[in-house]
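Got the model open in your viewer? Let's walk through it one selection at a time.

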Amino acid sequence: MKTYLNPGKENWKELVKRPQFESEFLDGAVRNILGRIQKSGDQALFELTKQYDKVEINSLQVSEQEFDEAQKAISPGLKRAIEIAAANIEKFHTDQKRAATVIETMPGVTCWRKAIPISKVGIYIPGGSAPLFSTALMLTIPARLAGCKEIILCSPVGASGKINAAILFAARFTGVSKVFKVGGAQAIAAMAYGTESIPQVYKIFGPGNQFVTKAKQLMSNEGVAIDLPAGPSEVLVLADETANPSFVAADLLSQAEHGEDSQVMLVTTNEKVLNHVQTEIQKQIATLPRKAIAERALQSSRGIYFNSLDSAIDFSNEYAPEHLIINSTQADEVAEKIVNAGSVFIGNYSPEAVGDYASGTNHTLPTNGYAKAFAGVSLESFTKQITFQKLTEQGIQNIGPSVEMMAEAEGLEAHKRAVRIRLNSIQKS
C-alpha cells in the first residue's frame, strides 16, 4: 500500500483513480463476446464456457437433481446462517414498500405515482474462487418482494461443471428455480439478447469484474436496463488516532481478498495510524488463504494522511467509495457529513463484512466513483414508477387556459387545440 502525507487537492484526481484494464482491450474483448452470443446463442455459450471456465457442460439449465445435491451438500450451520441473513434482508427491504399517494394539485386535477414490478429480471452471481451466494440473497429477495413475474439467475460453473452448492441453495431458498450455468460477459449477453435456453429479460442485476461491468454498460446502450455500474469491490476506511489497527487492517484485507482489481483506501488524521495499520496488514495477510490475490490488490491501494478531519471527509466524498467505514470517536458526526458513498458503516464494531452478508442492507452498490450519482440496489430497483393523472370538468377548466397559453408560446398548436376542444364542449353543454 502506497502512502501519501497531506496531499493537496490538485493531486486528488490522481489519488481517486481505480485500477483499470486497458480500455481499448476491454471494450474490444467484451464486444466480441456479445457478438458471438447474439449470433450463435447456446452454441457460443458452450464454447465460451470451455474457453474461459476450462470445462465442458452438456446443459445450461440447472436440473432438479443438481438443486437436490446442493441442498444435501450444505452444512446445517451454513443453512441456518443463510436463513438468518435472508430474514434480515427481507425485513429491511419489506419496509421499503410505499403505497401510492393521490395528490390534488389543483381543484379537479389529481395525480399519483404507482410502482409496477419489472416483469422479467436477470440476476448475475459471481462464482469462481469466491462464489458470492450472499449476492443471490441480496437480489432475489427484493425481486420476489417487488412481484417480478420471472426471475432468472446466471452463475459460472467450477471445475466440476456445476454451480457452487451454496449459490444453488440460496436461489432455491428464495424461490428462484430458473438457474443457468454461464458466467462472465457472456452471461450478461445471454440475458440481454435471449438464447435458445435462456429467456430474455428487461433488466439485469449483479456485480462482477470489469468484463461483466463493461458488458452491462454496453447492453444498457442497446435498451436493456441495468441496476448500476457495480464493478470490482472497494472500501475506504476513515480512521483517527483512536482506531484499532487490527480492526482497520482486517477491514482493508476483507476487500482486498475479493480480487486483484479490488481497491482499498485508508484515510487517517493520525500519521502513526498509517504505520501501525501497515504492520498489522503484513501480520494478518500472512495467514490469508487468498494472500496472493490480496497482495496484488494492495499494490493499487493507498494510505493517506490528512492533518484535518474536514480534509479527510472531503477526500472521502471525492473518492465516493462503494463501502465507507468510519472508525473514529466522532463517527456519528462524520457520517452526517458524508454525501457520496454506497453504504456507510459507523463505529468500531461495524465491519463492512456484516453488510456483505447479514445486517439487512443490500450489498449491491455503485463502485468506481459512481456513488456520486447512483444509489445501491433497493426494492425500488425492481420496479418501474408509472405516473397517472385524472381531470374532471372542473379540473380541465381550471388548468386549461394555462396549458393553452404555454402550448401557444412553444408553437404547438395541436396541444392547444386538445385543450380548447374540451373547453368548448363543456361550454356548449
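**Charges, then the whole chain, then two loops**

Start by selecting the charged side chains: there are 43 positive and 46 negative ones, and the centres of the two sets lie 6 Å apart. Lys and Arg count as positive, Asp and Glu as negative, with His and the chain ends not counted; each charge is placed at NZ of Lys, CZ of Arg, CG of Asp or CD of Glu.

A word on ground rules: this is a predicted model, where local features need pLDDT of at least 70, side-chain atom pairs count only at pLDDT 80 or more, and totals for chains, interfaces and linings use all residues. Numbering runs from 1 along each chain as its sequence is written, and side-chain values use heavy atoms, leaving out hydrogens and water.

Now switch to cartoon. You'll find 17 helices and 14 strands (DSSP runs numbered from the N terminus: H or I of at least four residues for helices, E of at least two for strands). Of the 429 residues, 47% are buried (under 20% relative accessible area; exposed is over 50%, partly exposed in between, with a 1.4 Å probe and protein chains only).

Next, select Asn6, in the loop between β1 (2-5) and α1 (12-15). Its phi is near 50 degrees, a positive value in a non-glycine residue. Most residues other than glycine have a negative phi. Asn6 is partly exposed, at 33% relative accessibility.

Last stop: Lys54, in the loop between α3 (42-53) and α4 (64-73). Phi of Lys54 is positive too, near 60 degrees, and Lys54 is exposed, with a relative accessible area of 67%.
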